[in-house]
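Please open the model in your viewer and keep the sequence panel beside it. The stops below suggest what to select next and say what is there.

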Amino acid sequence: LSEPYGTPTYVSKVSLDSSTYFGSTSTWWFGNFSPDGMYFYAANSDYDYPQTWSLSSAYDISSSSIINMGKDVKMKMGLHNDTGSNEQYMYGHEFGNSGLKMYTVGTTLDRIAQYTLSTAYDVTTASYDGYKSINSINSAPSSITWKPDGTTFYMTDFSGDDVHQISVATNWDVTSTTTLVNTFAVNTEELVPMDVRFKTDDGTKMFVIGASGDGIDTYT
């Protein structure tokens, strides 16, 4: 980008179908970075946990920059209940509280799993906190995004075509009491919303990306 949040210019791509670098040729659900850009996280339909890659250059996922393959640097298993049942399709992943909390979202058990990390953004230090069942609100969760103060999180519902705004009683803790604040329909623009993000400096823009319209929809 020529300026922060400006118009992007296409540079290059790395094929996610490459088993050499990414350990799978199946469908990929999401990808995101640590704030310093030195780690890349993604998940696919072959596994029930997100995977982690180390990069030699920040935000650079070119072949020359990938140090560790995701199949060798795995996140903790996506435990979603007290008996050890695993989520089959891990659609969403997010960090919170400056990287000391981690959340994974799946759409088979319809739960958010929460972890505490002893070292920020280092998934090998994660310990399982518990989960929150959300099927009464969202039966097809595909993402989780936090408000910067940790009081509220947002989720897309790829079946109901909605964005849900949910508050928590304890900051950054989905295992505490949660309250549905608002449901915003996006079906006019996107029938299969898969992720929602906000303008990071002031939250005055909302962006939704989906698998139906294959575009990024912007809301003020």
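Of the 220 residues in the protein chain, 44% count as buried, a label that stands for under 20% relative accessible area, whereas exposed stands for over 50% and partly exposed for the range in between, with a 1.4 Å probe and protein chains only. This is a predicted model, in which local features need pLDDT of at least 70 and side-chain atom pairs count only at pLDDT 80 or more, while totals for chains, interfaces and linings use all residues. Residues are numbered from 1 along each chain as its sequence is written, and side-chain values use heavy atoms, with hydrogens and water left out.

Next, colour the chain by secondary structure: the protein chain has one helix and 14 strands, where helices (H or I, at least four residues) and strands (E, at least two) are DSSP runs numbered from the N terminus.

Select β1, β2 and β3 together. These three strands form an open sheet in the order β1-β2-β3, with antiparallel pairing; two strands pair if DSSP finds at least two bridges between them. Because β1 (28-33) and β3 (51-54) stand at the edges with a single partner strand each, one side of each is left without a neighbour in the sheet. From one strand to the next, the twist averages 20 degrees, the axes being lines fitted to C-alpha atoms and the angles running from 0 to 180 degrees between N-to-C directions. Now restrict the selection to β2 (residues 39-44) and β3, which run antiparallel and are joined by four bridges; Y41 has T52 in β3 as its bridge partner.

Move on to residues 162-168, strand β10. How many of the seven residues of β10 are buried? Five of them are, so the strand is largely enclosed by the rest of the structure. Add β9 (residues 152-157), which pairs with β10 in the antiparallel sense over six bridges, and find Y154 opposite Q165 in β10. β9 and β10 form a hairpin with four residues between them, and D161 in the turn has a positive phi of about 60 degrees. Then add β11 (residues 178-185), which pairs with β10 in the antiparallel sense over seven bridges, with H164 standing opposite T183 in β11.

Finish with two loop residues. D110 is in the loop between β5 (101-106) and β6 (111-117); its phi is near 55 degrees, a positive value in a residue other than glycine, and D110 is buried, with a relative accessible area of 10%. Y121 lies in the loop between β6 and β7 (126-133), and the phi of Y121, near 65 degrees, is likewise positive in a residue other than glycine.
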